[in-house]
Amino acid sequence: MSFIFSHKIYRNLSNYRLKIFIISESIYPSVSFSNQNVNKQNFLKQNLKQYITTTTSLEKPVFITTPIFYVNAVPHIGHLYSAVMADSLKRYYELNDKKVILSTGTDEHGLKIQQAAAKVNQSPQEFCDNVSKRFRELFDMANISYTTFIRTTEQKHKDAVKFFWEQLVNNGYIYKGIHEGWYSVSDEAFYSASQVQISNSDEKIANVSESGQLVEWTEEENYKFRLSKCKDELLRWLDENPDVITPSNRFNEVKAFIKSDLADISVSRPQSRLYWGVSVPEDFNQTIYVWLDALINYLTVTGYPWPSQENIINNHLTSGWPADVHIVGKDIIRFHAVYWPAFLMAAKLPLPRKIFAHSHWMMNKHKMSKSRGNVVDPFIVMKEYGVDTIRYYLMRDGGISDDGTYDPTILQTRYRKDLAGQLGNLVSRSTSLALNPSSTIPASPSFIEGVNEKDMTLFKMLQQLPDLVSDHYENIEFGKGLELIFETVAEANKHFTDNEPWNLIKNPNRKVILDRVLFFAVETARISGILLQPIMPTKMRELLDMIGVSNDERKWKHSRLGSGWQVKGGGNVKFNVKDGHFLFPK
Ligand code: ME8
C-alpha cells in the first residue's frame with residue numbers, strides 16, 4: 001500500500017487537533033487513475049478536504065482579521081486593500097466549506113484621536129462615531145463580508161482590555177517606572193534615541209522617527225511591560241514556526257529586531273495627557289497605551305474574557321481564538337509580530353498562527369497616507385469603475401513583498417484588457433446566439449473524453465488551474481492566482497479564434513467540433529467564474545447566472561474540469577443572456 005500524506009494536509013490536521021490518521025489509497029479504493037492527465041495526489045487532496053469538513057463538526061472556525069483603523073481621518077484605498085484581501089481569503093475558505101470569522105473595525109482611543117477631535121471642536125465620542133461610520137459604509141459598499149465590526153469604544157472591549165491588563169499584572173509583567181524618550185503621536189509609538197534623527201527643517205520639533213513622523217520628547221511616570229523577559233520565548237516561537245510571519249523578508253526583519261533591541265516598553269500614559277482611553281484598573285491616573293488596547297480587539301471579537309477560559313483554550317471549541325491570520329500592513333508589523341505575541345505569552349494565551357504583512361500602495365513616490373494627504377478616495381473610484389473592478393485591481397496589482405504604485409492608467413487597462421477584453425469577451429462569445437441559437441450548454445460535460453491535439457494546451461491548463469490557484473490563494477498571493485486565471489482565459493480566447501467557429505457553423509457535418517469549441521469556451525468561463533468569486537463576488541454571480549450554473553454548483557470542488565452542470569445535465573441548461581447586455585461593458 002502506498003501512502004500519500006502531504007505536509008500541508010498534516011498541518012491542517014494538527015491545527016484542528018484531530019486524531020492523526022494516515023490517508024491511504026484504500027479510502028478511495030474505487031478510483032481509477034487510468035487517465036494519466038488526472039493527478040492522483042490532487043484528487044486525494046481535494047477529496048480529503050471534503051472528508052475533513054464532513055467529519056469535524058467541532059472544527060475551529062478559520063479566524064481572519066484586518067487591522068482596526070484609526071478614525072483620525074476618513075478611509076483611503078490603503079485601508080480598503082487590507083479589507084479586500086481579508087475578505088477574499090474568507091470567501092475562498094467558505095467556498096471550501098469552512099466556517100470563517102472575519103473581524104474588522106475601528107481603533108478609537110489615543111492621543112491622535114483626542115487631538116483630531118479637539119481640532120474640529122467635537123467631543124471625541126461624536127468624532128469617533130462619525131468617522132467609524134465612514135469605515136463601515138466603505139466596507140459595506142465594497143462587499144466586505146465581515147462577521148464583526150469592532151469599535152474600541154464599545155463597553156465589551158473596554159472590559160476585555162481591563163481583564164487582560166489584570167492578567168499581565170497577576171503574571172508579573174507590569175511595573176511602574178519613569179519613561180524618558182521620544183513619542184510620535186501620528187504613529188502612537190515610543191522611539192529610542194537610535195530610532196530618531198534630526199530634521200533640518202525645524203529645530204524645536206526637530207526629530208523625525210524612522211517612520212518619518214514628528215516626535216516629541218516625553219518624560220513621565222507610567223506603567224511598563226517586561227518585554228525584555230519575553231525575548232527567548234519570542235525567538236523560540238519564530239524558530240519553531242518559520243512561516244508564522246510572511247512574507248519572509250518581514251520574518252527576517254522581526255527576528256533581527258528581537259535579537260538586537262528588546263527593552264521594556266511603556267504601556268500607559270498619564271491621564272492628564274491622555275484621557276481618551278481605558279483607565280488602568282485600580283489607578284485612574286493612568287490610561288492604558290492605545291496599542292495594547294487596540295491589539296486586544298482580536299480577543300474581544302472572540303468573546304474574551306471567555307466564560308470558561310481553560311476549556312476554550314484547550315479545546316478551541318467555539319471562540320475562534322487563536323487567529324489563523326492577522327492581515328496587516330508592514331507599517332505595523334512590529335506591534336503585531338513582537339508586542340502582540342509577547343502580550344499573549346504574558347497573559348498565557350495561545351499565539352496567532354500567522355501574521356501576514358503586505359506592502360504599501362504608493363502615490364507620488366510616497367506611502368499613501370492620511371497624514372501626507374496623498375490618498376485616493378475609495379468611494380469615488382468604486383463609483384466610477386465599479387466595486388469589483390477595484391477589488392480586482394487591488395488584488396491583482398497590490399504589493400506583498402514590495403510596494404506598488406497606484407496608477408489609474410493601469411487600473412483602466414486592467415478593466416479594458418482583462419475584464420472586458422478577455423473574460424467579458426469569452427462569455428459573450430461562448431453564449432453567442434449566432435453560433436448557438438438554442439442558447440443551451442452546447443455539449444455534455446463528458447465531451448472531455450474526446451479532446452484532441454488542438455485542445456491540449458487549454459485542456460491541461462484547465463485541469464491544473466483549481467489546484468494551482470488554491471495554493472496561491474491559501475498563501476494570500478491573490479495576484480499570482482489571478483494571473484494564472486487570466487492566462488487561461490486568454491488561452492481559451494485563442495483556442496476559440498484558432499478554431500474559427502464562424503466557419504464551422506456553415507457546415508452541419510462539423511457540428512460536433514463546433515459544440516466542443518463552444519463548450520471549451522463556456523467551461524473556461526464557468527471554471528474562472530467559480531475561482532474568481534472571492535475577488536469579484538457580484539460580477540461572478542452575474543457571470544455564473546448568465547451561463548446557467550446552478551447555485552449549488554458554485555463551490556471550489558465544482559471548479560474541476562467537466563464537473564459543472566451535473567444537476568440538470570448539459571443540453572438541458574439554458575443560458576440566461578440578453579442581447580446587448582455585457583458582463584463588463586466597454
Ligand atoms: O495603524 N498601503 O491604523 P491605521 C497599504 N489603528 N495598506 C495601507 C496603506 C497603504 N498606503 N495605508 C494604510 C493603525 N494601510 C492602527 C492599527 S490594529 C490592532 C491597530 C492599511 O488607520 C494597512 O493595513 O493607520 C496598515 O497597516 C493599516 O491600514 C494602518 O491603518
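The legends below describe close-up views of a predicted model.

Residues are numbered from 1 along each chain as its sequence is written, and side-chain values use heavy atoms, with hydrogens and water left out. Because the model is predicted, local features need pLDDT of at least 70 and side-chain atom pairs count only at pLDDT 80 or more, whereas totals for chains, interfaces and linings use all residues.

**Figure 1. Overview of the chain.**
The chain contains 20 helices and 18 strands; helices (H or I, at least four residues) and strands (E, at least two) are DSSP runs numbered from the N terminus. Of its 586 residues, 57% are buried, where buried means under 20% relative accessible area, exposed over 50% and partly exposed in between (1.4 Å probe, protein chains only). The accessible surface is about 25,600 Å², and carbon and sulfur atoms account for 50% of that area. These areas come from the Shrake-Rupley method with a 1.4 Å probe; for residues, only the protein chains shown count as cover. Among contacts in the chain with a separation of 6 or more, 76% are between residues 24 or more positions apart; a contact means heavy atoms within 4.5 Å.

**Figure 2. The six-stranded parallel sheet.**
The strand order in this open sheet is β3-β2-β1-β14-β15-β9, with parallel pairing. Its edge strands, β3 (148-151) and β9 (245-246), each pair on one side only. Two strands are taken to pair if DSSP finds at least two bridges between them. At the β9 edge, two bridges join β9 to β15 (residues 355-358) in the parallel sense, and Ile-245 has Ile-355 of β15 as its bridge partner.

**Figure 3. Strand β2 and its neighbours.**
Strand β2 (residues 100-107) is largely enclosed by the rest of the structure, because eight of its eight residues are buried. Seven bridges pair β2 in the parallel sense with β1 (residues 62-70); Phe-63 has Ile-101 of β2 as its bridge partner. Helix α3 (residues 77-95) joins β1 and β2 in a right-handed β-α-β unit. A crossover is right-handed if, with the strands pointing away from the viewer, the path from the first strand over the helix to the second runs clockwise. β2 also pairs with β3, parallel and over four bridges. Opposite Thr-104 stands Phe-149 of β3, and opposite Gly-105 stands Ile-150 of β3.

**Figure 4. Strand β3 and the loop with Thr-152.**
In a regular strand the side chains alternate between the two faces of the sheet. Both faces of β3 are covered, with Thr-148 and Ile-150 buried on one side and Phe-149 and Arg-151 buried on the other. Thr-152 lies in the loop between β3 and α6 (155-170). With a relative accessible area of 0%, Thr-152 is buried. Beyond its neighbours within four places in sequence, the contacts of Thr-152 include Ile-68, Thr-106, Asp-107, His-109, Lys-158 and Asp-293. Thr-152 and Asp-293 are 141 residues apart in sequence, yet their C-alpha atoms are 7.7 Å apart.

**Figure 5. The four-stranded antiparallel sheet.**
This open sheet has the order β5-β4-β8-β10 and antiparallel pairing. β5 (189-191) and β10 (265-266) are the edge strands, each pairing on one side only. β4 (residues 174-184) and β8 (residues 216-225) run antiparallel and are joined by ten bridges. One bridge partnership is that of Tyr-175 with Lys-224 of β8.

**Figure 6. The largest nonpolar core.**
A nonpolar core is a set of buried Ala, Val, Leu, Ile, Met, Phe, Trp, Tyr and Cys residues joined through side-chain atoms within 4.5 Å. The largest one has 177 residues, and Phe-164 and Phe-225 have the most contacts inside it. Helix α19 (residues 511-532) gives the largest share of this core, twelve residues. Not counting residues up to four places away in sequence, Phe-164 touches Leu-292, Tyr-304, Trp-340 and Phe-343, among others.

**Figure 7. Backbone details in loops.**
The Tyr-304 to Pro-305 peptide bond is cis, with omega near 0 degrees; Pro-305 lies in the loop between α10 (297-300) and α11 (309-315). A cis peptide bond also runs from Trp-321 to Pro-322, with omega near 5 degrees, and Pro-322 is in the loop between α11 and β14 (325-329). Glu-282, which is not a glycine, has a positive phi near 70 degrees. Glu-282 is in the loop between β12 (279-280) and β13 (283-288) and is exposed, with a relative accessible area of 83%.
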